[in-house]
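Colleague: I am new to this structure and would like a close look at a single part of it rather than a tour of everything. Please choose one part, place it within the whole, and explain each term as you use it.

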Amino acid sequence: MLSRELKSIAQNLSVLYVEDEEDTRVQIADLLRMFFKTVIVAENGKEGIEKYKTFPVDLTLSDLTMPVMDGVEMLKEIFTLNPDAKAIVMTAHNTGEKLLEDENLTSTEILYKPIDMTKTLQLLYDTCQRVITANA
């Protein structure tokens with residue numbers, strides 16, 4: 001049921017997905033394509049910023065720890081470009097909340113790895129609701 005609700009609410013939204021680990025990137029990107037109208041994929045924060053500037057999206061979903069530019073630095077730049085941006089970071093570390101708080105990114109949601117599908121779909125749904133409310 002949550003899958004149907006997410007598809008209904010996300011079908012006209014776009015997402016930027018940033019992940020350096022190839023297998024995870026392919027799997028999660030395929031999952032996102034089931035729900036979102038547009039899915040843009042990047043391999044690191046630097047590439048994510050470049051794509052965000054070219055294709056402003058409704059939501060950014062990013063790994064926290066990546067080479068070249070990590071998720072925190074990328075999100076700081078995205079929020080500079082768009083203070084109302086919506087974002088979710090994925091991390092295997094339980095220090096994610098503290099790190100985001102220290103960097104003043106407290107409006108960013110956190111998804112802990114390993115990924116729990118129900119929690120992931122719920123968080124995506126809730127964040128999409130905020131996107132739609134903010135755009136109304």
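Modeller: What follows begins with the whole protein and then turns to helix α6 and its surroundings.

This is a predicted model, in which local features need pLDDT of at least 70 and side-chain atom pairs count only at pLDDT 80 or more, while totals for chains, interfaces and linings use all residues. Residues are numbered from 1 along each chain as its sequence is written, and side-chain values use heavy atoms, with hydrogens and water left out.

The protein has six helices and five strands, where helices (H or I, at least four residues) and strands (E, at least two) are DSSP runs numbered from the N terminus. Along the sequence they follow the pattern α-β-α-β-α-β-α-β-α-β-α. Of the 136 residues, 45% are buried, a word that means under 20% relative accessible area, with exposed meaning over 50% and partly exposed lying in between (1.4 Å probe, protein chains only). The protein exposes about 7400 Å², and carbon and sulfur atoms supply 49% of that area; such areas come from the Shrake-Rupley method with a 1.4 Å probe, and for residues only the protein chains shown count as cover. A contact means heavy atoms within 4.5 Å, and among the contacts with a separation of 6 or more, 62% are made by residues 24 or more positions apart.

Now to the chosen part, helix α6, which covers residues 117-135 and packs with helix α1 (residues 2-10) at an angle of about 30°, their axes being 10 Å apart. Axes here are lines fitted to C-alpha atoms, for helices over the stretch in contact, and angles run from 0 to 180 degrees between N-to-C directions. That angle makes α1 roughly parallel to α6, because angles under 35 degrees count as roughly parallel, over 145 as roughly antiparallel, 65 to 115 as roughly perpendicular, and the rest as oblique. The crossing of α1 past α6 is left-handed, which is the name used if the near helix is turned anticlockwise from the far one by less than a right angle, right-handed being the name if it is turned clockwise.

On the α1 side, L2, S3, E5, L6, I9 and A10 take part, and they meet T118, L121, Q122, L124, Y125, C128, Q129 and I132 in α6. Sorted by class, this contact has nine nonpolar, four polar and one charged residues, where Ala, Val, Leu, Ile, Met, Phe, Trp, Tyr, Cys and Pro count as nonpolar, Asp, Glu, Lys and Arg as charged, and the others, Gly among them, as polar.

A further residue of α6 is T120, which is buried, with a relative accessible area of 7%. If residues up to four places away in sequence are not counted, T120 touches L111 and I115.

That brings us to L111, which lies in strand β5 (residues 109-112) and is buried, with a relative accessible area of 7%. Leaving aside neighbours within four places in sequence, L111 is in contact with I88, V89, M90, T91, K119, T120 and L123. The C-alpha atoms of L111 and S62 are separated by 9.6 Å, although these two residues are 49 residues apart along the chain.

Between β5 and α6 there is a loop, and P114 has its place in that loop. A cis peptide bond joins K113 and P114, with omega about 0°. This deserves a second look, because most peptide bonds are trans.

Another residue that touches α6 is L59, in strand β3 (residues 59-63), and at 1% relative accessibility L59 counts as buried. Not counting residues up to four places away in sequence, L59 touches S14, V15, L16, F36, K86, A87, I88, L124 and T127. One of these, L124, also belongs to the part of α6 that meets α1. The C-alpha atoms of L59 and V39, 20 residues apart along the chain, are separated by 9.8 Å.

To gather the picture of the chosen part, α6 packs roughly parallel to α1, its residue T120 touches L111, and L124 is touched by L59.
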